[in-house]
Amino acid sequence: MKRTFPLLLTLLVFAFSALGADQVTWSYKVVGDNTPNPSLEMTATIAPGFHLYAQDNPDGGGVPLSFHFQLDGCKTDGAVKANKAYTKAYDDIMMVDEHYYTGTVKFTQKLKPASANWTAKVEIGGQYCNDSGCFRVNELHTFKGTSPVTDAVKEEAKKLEEEKKEADNAEVNALTEMTDSLQASEGFMEPAANLSGVKADKWWANCEAEIRAFEEDPGQQSRSLWYIFIAGFIGGLIALVTPCVWPMIPMTVSFFLKSNKSRRKSITTAMVYGLSIIVIYVALGLIVTGLFGASALNELATSAGFNIAFFILLVIFAFSFMGGFELTLPAKWTNKMDSKVDATTGYLSIFFMAFTLCLVSFSCTGPIIGTLLVEAAATSNFISPAVGMAGFALALALPFSLFAMFPTMLKSMPKSGGWMNTVKVVLGFLELALALKFLSVADLAYGWRLMDREVFIALWIVIFALLGVYLLGKIRLPHDDEVEKVGITRFMLAIISMAFAVYMIPGLWGAPLKSISAFAPPIYTQDFNLYTGDVHAQVDNFEEGMELGAKLNKPVLVDFSGYGCVNCRKMEAAVLTNPEIKSMIDNDFVMVTLMVDDKKALPQPITVKEKDGQERTLRTYGDKWSYLQRTKFGANAQPYYVILNDDAKPMNFAFPYEEDIPKFLKFLNTGIDNYKNSKQ
């Protein structure tokens with residue numbers, strides 16, 4: 001297995017390279033400036049893993065790309081054209097053929113100049129998505145150019161002036177008719193004041209700082225770090241009872257006791273040894289974060305490419321634990337550390353002894369450390385990997401110091417034997433079950449439909465049932481001793497494993513199975529489902545929702561969604577239909593769903609200013625709700641859930657796309673509690 005470690009490194013490199021920037025970047029260029037036939041080039045560079053919907057994407061799919069031009073001294077010549085064909089693929093969720101681009105695509109708009117100096121302002125709208133969410137395109141750019149004053153340019157100038165007069169007359173007539181019609185209705189509001197008044201109102205006031213305060217709640221971060229630390233500590237305890245570490249404890253402690261004349265010196269040596277282990281593993285956590293950064297690690301944990309790579313890694317680890325082969329680091333690394341131990345003295349020699357233990361025990365600790373680092377990365381906290389490694393190393397180092405302080409405890413320490421191989425095999429079963437979770441994430445992202453919910457649950461049922469049979473001694477794997485008698489501990493663990501398998505059986509017919517909801521694929525992937533229930537918003541207008549919430553004395557749950565948002569449908573099917581969540585939304589909230597791709601036209605286009613000072617025209621209700629999400633919450637991704645009080649102040653952090661029922665329940669409960677406190 002000399003090639004095993006390089007293979008693991010290759011897989012990890014592949015996983016990290018799968019991380020792509022969460023954006024579509026645009027560049028602009030005037031081609032043919034100072035000529036009679038200029039054109040505008042708008043180039044979109046789409047990050048790996050993302051796709052940008054095409055201009056003619058069918059209804060029911062993602063928001064199609066759109067280009068709106070405001071021209072001065074020129075006019076468009078034909079439509080915007082792309083330099084390559086789009087990809088056409090059927091979407092099982094939206095049930096339409098999606099048209100989209102990946103990579104880099106260049107869009108060109110030809111112009112007819114009507115003046116020596118011309119300008120062209122373009123507003124680009126649309127939507128791009130990846131496996132974690134959908135994002136609106138909101139681009140503004142102004143082109144400036146010159147053209148020679150030819151007879152053709154003079155002729156275009158005359159035509160443009162006539163067209164402008166006709167358009168102005170038509171607009172005046174249309175506005176007069178619309179105003180007369182609206183004034184005859186009860187709900188009339190001056191179109192110009194519709195947004196400008198609300199924008200200055202408290203409901204539209206920016207609240208990014210308040211949301212960020214919830215996200216940066218020290219108590220919440222502390223709980224997250226404690227969770228990572230405890231998970232690391234438990235991982236370290238498990239690593240202790242593996243064949244790579246357990247036999248080393250009495251050997252190492254005996255060495256300390258014999259090589260030092262005084263007991264005090266022996267204890268000091270053992271504590272330095274333990275501290276060295278902690279320093280080594282904490283340094284590993286800091287190196288991982290330093291290389292990639294906390295935010296990059298979090299994006300990595302949601303990357304489809306990474307999930308495939310980690311699935312392969314966990315399967316390799318599982319087979320290794322089960323006795324298929326042995327994972328070892330290159331022998332020269334261990335030999336080099338041994339030579340350092342011999343060549344040095346004092347505490348430095350003890351440090352190299354600890355380093356040797358870390359290298360020798362890699363075949364058992366490597367899978368545990370790898371799983372822990374990924375879990376820590378998903379918290380988006382810079383120090384999480386180091387905290388997780390600190391918990392792991394503390395558990396690993398503790399016995400060496402304790403047995404040095406109380407050497408008589410060594411006599412009561414269980415002897416090495418076949419039970420340690422059983423621990424490895426059990427870990428192998430657990431690694432195999434966990435690996436399916438990562439494969440499921442990638443399966444959802446690429447739409448393979450290989451790991452539907454019933455397939456996932458069936459595999460877990462088989463894995464945990466076989467684990468129970470193994471613990472009863474009915475299955476023997478390589479390196480296992482024959483089980484003559486089943487101890488009480490093995491028997492109880494077998495009962496737990498088989499009971500868990502039985503618990504999951506109703507899930508084959510659509511039972512929620514809340515205890516594994518964070519692992520299993522969403523319910524909509526299940527072909528045969530006896531479970532029914534969905535959630536509907538009471539209101540589809542922000543202002544009306546705020547008024548209704550104040551009237552009913554309930555918090556407002558704003559759901560920024562989209563007709564063509566695949567991940568919105570996933571959240572609705574996998575999370576919002578949960579009976580407990582559905583009951584809370586129906587009874588305790590006023591739910592407002594705002595479709596950012598709603599093509600229904602506003603009574604009149606509204607001109608607003610973006611944060612950078614550039615003006616934009618809102619033409620549809622989708623434009624309005626998208627503008628609300630950007631300006632008030634500083635977000636542009638769907639789905640996006642936020643809980644507001646009567647003053648439209650957030651009552652909790654915003655919840656993005658994440659199919660995690662327990663976490664969403666906690667999000668709702670915290671929002672309700674904070675709403676009640678704000679009323680008091």
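Is Lys582 buried, partly exposed or exposed, and at what relative accessibility? With a relative accessibility of 24%, Lys582 counts as partly exposed. The cut-offs explain the label, because buried means under 20% and exposed means over 50%. Please keep in mind that this is a predicted model.

**Salt bridges**

Lys582 has a charged partner to look at next. Its side chain meets that of Asp586 in a salt bridge, with 3.2 Å from N to O. Both residues belong to helix α19, which covers residues 579–588. Because Asp586 and Lys582 are four residues apart in that helix, about one helical turn separates them. Asp586 is also partly exposed, at a relative accessible area of 34%.

Side chains of opposite charge can pair when their charged atoms come close. The structure holds nine salt bridges, and the table sets out some of them, including the one just described.

| Salt bridge | Closest N and O atoms |
|---|---|
| Lys75 with Glu156 | 4.0 Å |
| Asp586 with Lys582 | 3.2 Å |
| Glu658 with Lys663 | 3.1 Å |

The bridge between Lys75 and Glu156 has its closest N and O atoms 4.0 Å apart. This pair links distant parts of the chain, with the two positions 81 residues apart: Lys75 sits in strand β5 (residues 74–76) and Glu156 in helix α2 (residues 151–183). Lys75 is buried, and Glu156 is buried as well.

Glu658 and Lys663 offer another case, with 3.1 Å between the closest N and O atoms. Glu658 counts as partly exposed at 27% relative accessibility, and Lys663 counts as partly exposed at 35%.

**Aromatic pairs**

Now for the rings. How many aromatic pairs does the count come to? The count comes to 25 aromatic pairs. One of them joins Phe560 and Phe633 in an edge-to-face arrangement, 5.7 Å from centre to centre and with 70° between the planes. Here, too, distant parts of the chain are linked: Phe560 lies in strand β12 (residues 556–561) and Phe633 in helix α20 (residues 621–633), 73 residues apart. Phe560 is buried, with a relative accessible area of 0%, and Phe633 counts as buried at 4%.

Tyr641 and Phe664 make another pair, with ring centres 5.4 Å apart and planes at 85°, so this pair is edge-to-face. Tyr641 belongs to strand β17 (residues 640–644) and Phe664 to helix α21 (residues 661–679), so that distant parts of the chain, 23 residues apart, are linked. Tyr641 counts as buried at 1% relative accessibility, and Phe664 counts as buried at 0%.

Ring pairs can also join up into a group. Trp26, Phe67, Tyr86, Tyr101 and Phe107 are linked into a cluster by ring pairs.

**A charge over a ring, and a surface patch**

Which residue lies over the face of Tyr470? Arg490 does, at 5.9 Å from the ring centre.

On the surface, Val486, Ile488, Phe491, Met492 and Ile495 form a nonpolar patch. Together these residues have about 460 Å² of accessible area. Phe491, one of the patch members, is found in helix α16, which covers residues 488–504. Phe491 is partly exposed, with a relative accessible area of 39%. This value fits its place in the patch, because patches are made of residues with over 30% relative accessible area.

Methods:
Residues numbered from 1 in each chain as written. Predicted model: local features only at pLDDT ≥ 70, side-chain atom pairs only at ≥ 80, totals over all residues. Heavy atoms only, no water. Patch = residues over 30% accessible without salt bridge, like charges linked within 9 Å, V, L, I, M, F, W, Y side chains within 5 Å. Areas by Shrake-Rupley, 256 points an atom, 1.4 Å probe, with all protein chains shown as cover. Buried < 20%, exposed > 50% of the residue type's maximum accessible area, 1.4 Å probe, protein only. Phe/Tyr/Trp six-rings, centres within 6.5 Å; stacked < 30°, edge-to-face > 60°. Lys NZ or Arg CZ within 6 Å of the ring centre and 35° of its normal.
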